[in-house]
Amino acid sequence: MSVYFITGISGYIGSMLVKYLLENDLGCEIIAPVRNIQKAEKRLTDIGIPAKRKLPYPQNRLRLFQEDLCFDDFPECMYGKTGHVDYIIHCASATSSLQMITQPVEVTKSIVDATKNCLELARRLTIKSMVYLSSMEVYGKGDCSDGHRTSEEEAGDGGVDLLSVRSCYPLGKRMAENLCYSYFQEYGVPVKIARLAQTFGRDVPPSDNRVFSQFAHAVQAGEDIVLHTEGNSMGNYCGIDDAVSGILTILEKGENGEAYNVVNEENTMTIRQMAQLTASQVAGGRIGIRFEIPADNHYGYAADTGLKLSGEKLIRLGWKPEENLTDMYQDLLRHMKSATCTGYL
């Protein structure tokens with residue numbers, strides 16, 4: 001039985017990885033450190049994985065531990081029934097833009113410290129593979145004026161403002177990536193990096209307030225989409241099922257010390273273009289678009305980017321994305337409707 005150590009299962013991608021592994025009966029044990037067990041159990045219940053006491057799976061298939069990843073060590077009791085871990089997937093990270101501009105020190109420390117501790121665990125144990133979930137924000141602003149798509153080798157070009165409080169997130173992710181590479185080079189830790197595009201679709205948490213969720217709520221309510229910027233920033237997107245399969249492809253087939261973009265190139269467009277697609281195709285033209293742009297950036301939005309990610313490197317491993325933006329919105333709206341009926345929203 002393979003043992004997976006997965007962080008961040010209270011969040012979107014971590015919980016969906018757990019759901020995939022359990023529903024596909026891959027004969028695995030999952031160890032999940034969480035800050036709040038009740039919150040994690042509620043998230044799993046909301047996506048159709050009953051709380052531990054109700055699991056139809058053997059009781060040892062999913063084990064939750066209340067543990068702060070920023071502490072310097074993990075208790076040995078977390079290492080599985082056989083005292084080892086085969087795979088580590090480190091998903092835990094701050095994702096709130098508001099937190100990034102109000103608590104930048106805490107955001108930076110949580111990204112770097114938690115990643116370092118997961119790498120120390122991987123170093124201490126004999127694991128087969130580890131994936132660190134990074135972000136497309138490590139590339140900075142990017143420039144697609146000539147149609148150029150950014151490959152993984154171009155992250156070293158910079159483009160992140162060092163003197164911006166919002167940069168705590170991309171710079172923290174860049175430092176965490178460098179830690180991954182350093183642990184690979186110095187200690188031989190078999191770690192890979194997944195640079196995710198913005199990911200959504202079914203089972204998005206009700207608390208999510210990112211742009212795509214705001215657009216979906218507008219469709220559900222039959223109200224105009226309200227943009228708080230000009231909408232000129234380029235967006236790169238990936239459906240949740242494609243993202244999960246991409247992460248597991250990297251875990252199984254990726255090269256140690258390498259980074260891979262996880263993106264569906266067909267889902268690349270500006271925020272304004274996505275608003276137009278949502279209003280016309282998803283809402284069937286029943287809603288419009290309005291602009292209400294504040295004088296300051298109190299919403300914490302990242303600076304406009306011209307970034308278009310290339311997905312070619314991951315595709316060469318055999319991965320193939322299948323979900324387009326319309327499919328992703330329809331899945332999200334079906335989930336929102338179901339969640340409203342069951343009292344989750």
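**Exercise 1.** In this predicted model, find which residue of strand E2 is the bridge partner of Tyr-4, and then work outward to the sheet that holds the pair.

*Solution.* Begin with Tyr-4, whose bridge partner in E2 is Ile-30. Next, place this pair among its neighbours: strand E1, residues 2-7, and strand E2, residues 28-34, run parallel and are joined by four bridges. As a general point, the strands of a sheet pair through backbone hydrogen bonds, in either a parallel or an antiparallel manner. Then widen the view to the open sheet, in which seven strands with parallel pairing follow the order E3-E2-E1-E4-E5-E6-E10. Strand E3 (62-66) and strand E10 (259-262) are its edge strands, since each of them pairs on one side only.

**Exercise 2.** Determine which strands are touched by helix H7.

*Solution.* Locate helix H7 at residues 240-253, and follow its contacts as it packs on the sheet: the helix touches E1, E4, E5, E6 and E10. Finally, compare directions, and you will find that H7 makes an angle of about 135 degrees with E5.

**Exercise 3.** Decide whether Glu-152 is buried or exposed, and describe its surroundings.

*Solution.* First, find Glu-152 in the loop between E5 and helix H5 (168-187). Glu-152 is buried, yet it has no salt bridge. To check this, take the nearest side chain of opposite charge, Lys-313, which is 5.0 Å away, whereas a salt bridge would need a distance within 4 Å. Now look for other partners: the side chain of Glu-152 reaches the backbone nitrogen of Asn-261 at 2.7 Å. Beyond its close sequence neighbours, the contacts of Glu-152 include Tyr-139, Arg-195 and Ser-310.

Methods. Residues are numbered from 1 along each chain as its sequence is written. This is a predicted model: local features need pLDDT of at least 70, side-chain atom pairs count only at pLDDT 80 or more; totals for chains, interfaces and linings use all residues. Side-chain values use heavy atoms; hydrogens and water are left out. Two strands pair if DSSP finds at least two bridges between them. Helices (H or I, at least four residues) and strands (E, at least two) are DSSP runs, numbered from the N terminus. Contact means heavy atoms within 4.5 Å. Axes are lines fitted to C-alpha atoms, for helices over the stretch in contact, and angles run from 0 to 180 degrees between N-to-C directions. Buried means under 20% relative accessible area, exposed over 50%, partly exposed in between (1.4 Å probe, protein chains only). Lys and Arg count as positive and Asp and Glu as negative; His and the chain ends are not counted. A polar contact is a pair of N or O atoms within 3.5 Å; within protein, one must be able to donate a hydrogen and the other to accept it, and residues adjacent in sequence count only if both atoms are side-chain atoms. Lists of a residue's contacts leave out its neighbours within four places in sequence.
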